[in-house]
Amino acid sequence: MMAETNITVIGAGVLGLTSALVLSKHANVKITVVAKHMPGDYDIEYASPWAGANYLPVGEPGTALCRFERDTWADLDRLAKNVPEAGIHHQPTVLYKRSKDASSVMSQKDPWFKNTVPDFRVIPSSECPAGCEYGTTFTSVCINTAIYLPWLLGQCVKNGVVFKRSILSHISDAAALHHSGTPASITINCTGLSAGKLGGVMDPTVFPGRGQIVLVRNEPGVMGGLSGTDDAADEITYIMQRAVGGGTILGGCLQKDVWESQPDPNLAVRIMKRCVGLYPKLTDGKGIEALSVIRHGVGLRPMRTDGPRVEKEKIEGSWVVHCYGHAGQGYQSSYGSVAEVERLVESIVSEKARL
């Protein structure tokens, strides 16, 4: 149980909303979320609506990201089982590893998460597409961001969280925006890519990882991906069907330090061809012309050279808990990251109580 504490959360992406929700469950905490963009907005600066989003761990063993991903699965699994209105569902998942591609956590035969997700099994090459060394299959989740983000917001509001739109030039300005009229004693910094330009933070290691997707009505019946592509070193192949009628995401690319907000039509064609080639069931073998396109999208993953930053810092005499730099892993590491945020907030409150 915390002492009475006013907290301002900056940012209403998945990490800001999850932080507000988890912290709002403490009886003596009053929370204001301050953000430029809110659920329902679509803007190149606002990464969360563009995400797939799913659970395909990439954190290397021993890293903070690995721990955050491991500690997030139980919550996503629980929501998929028990809270259908959150817009999360389970999906059979198949990942293929080509012989020519370097191995990553996601494409390993023996990844750490094999004991986290259900039904993990290695697929022999005889059951894989041509050129693939092996595959893995398991049950994972996919999230309809257009449903989940507003659901998170609604749960926050139910717990008394107040939302304000504002554009901050310095992190120290956040405390005075608390709805109580009394400045917040703790600020949670969930500003994503904006952490690179926000006064008082100005993290030079933050950079965009441009992603481009095609959202279609076709249903593949499976979620998955391929370990590489011959089209370009920064292009990737993945497919996932969002819950409750959210359509199917076809991806993608990971273009570092690229800020372009408009879809590249040539890249879109390559994405569609790769996905239909890997999953012919998408169009019953009829090619990309049979894809029913809802829209093309571009998002900028909030990347950081050293991975996620979840730590506390005093800035101009006030406590800030940072929670940003999660790249494309914001959803699948959200609850684990916020458990660390909660621990840091509790340590600050306990320290204040002792003074």
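This passage walks through a mixed sheet, the helix packed on it, the nonpolar cores and a few individual residues. The model is a predicted one.

Start with the sheet. Six strands line up as β6-β2-β1-β7-β15-β14, making an open sheet with mixed pairing. The edges belong to β6 (162–165) and β14 (309–315); each has a single partner strand, so one side of each is left without a neighbour in the sheet. On average, and ignoring direction, neighbouring strands are turned by 20° against each other. At the β14 end, the link to β15 (residues 318–324) is antiparallel and consists of 7 bridges. In one of these pairings, K314 has W319 of β15 as its bridge partner.

Helix α1 (residues 14–23) packs on this sheet, and touches β1 (5–10), β2 (29–35), β6, β7 (186–189) and β15. Its direction makes about 170° with that of β2. The helix is mostly covered, with 10 of its 10 residues buried. Among those buried residues are V14, L17, L21 and the glycine G16.

Then there are the cores. The largest nonpolar core takes in 55 residues, and I7, I31, Y148, I186, I188 and V345 are those with the most contacts inside it. Setting aside neighbours within four places in sequence, Y148 is in contact with V14, L79, A86, I88, I143, Y331 and Y335. V14, one of these partners, is also one of the buried residues of α1. A separate core of 22 residues lies apart from the largest one, and includes I123, C132, L226 and L267.

As for annotated positions, UniProt, in an unreviewed entry, lists Y238, R301 and G328 under "binding site". R301 sits in strand β13 (residues 293–304) and counts as buried, because its relative accessibility is 17% and the cut-off for buried is under 20%. Beyond its neighbours within four places in sequence, R301 has plenty of company: L193, F207, P208, G209, R210, G211, I236, Y238, C253, L254, A327 and G328 are all in contact with it. Both of the other listed positions, Y238 and G328, thus turn up among the contacts of R301. The R301 side chain also reaches the backbone oxygen of C253, at 2.9 Å. G328, for its part, lies in the loop between β15 and α6 (334–354), and at 43% relative accessibility it counts as partly exposed.

C253 comes up again around E235, a residue of strand β10 (residues 235–241). E235 is buried, with a relative accessible area of 5%. Its contacts, leaving out neighbours within four places in sequence, are T229, G252, C253, L267, R270 and R274. Two arginines in that group also make polar contacts with the E235 side chain through their own side chains: R270 at 2.6 Å and R274 at 2.7 Å. L267, another contact of E235, belongs to the 22-residue core.

Finally, there is R217, in the loop between β8 (206–216) and β9 (223–226). R217 is exposed, with a relative accessible area of 51%. Not counting residues up to four places away in sequence, R217 touches S292, V293 and I294. With V293 there is a polar contact too: the backbone oxygen of V293 lies 3.3 Å from a polar atom of the R217 side chain. R295 is 78 residues from R217 in sequence, while their C-alpha atoms are 9.9 Å apart in space.

How values were computed:
Residues are numbered from 1 along each chain as its sequence is written. This is a predicted model: local features need pLDDT of at least 70, side-chain atom pairs count only at pLDDT 80 or more; totals for chains, interfaces and linings use all residues. Side-chain values use heavy atoms; hydrogens and water are left out. Two strands pair if DSSP finds at least two bridges between them. Helices (H or I, at least four residues) and strands (E, at least two) are DSSP runs, numbered from the N terminus. Axes are lines fitted to C-alpha atoms, for helices over the stretch in contact, and angles run from 0 to 180 degrees between N-to-C directions. Contact means heavy atoms within 4.5 Å. A nonpolar core is a set of buried Ala, Val, Leu, Ile, Met, Phe, Trp, Tyr and Cys residues joined through side-chain atoms within 4.5 Å. Buried means under 20% relative accessible area, exposed over 50%, partly exposed in between (1.4 Å probe, protein chains only). A polar contact is a pair of N or O atoms within 3.5 Å; within protein, one must be able to donate a hydrogen and the other to accept it, and residues adjacent in sequence count only if both atoms are side-chain atoms. UniProt positions are given in the numbering used here, feature names are shortened, and annotations may be inferred rather than shown by experiment.
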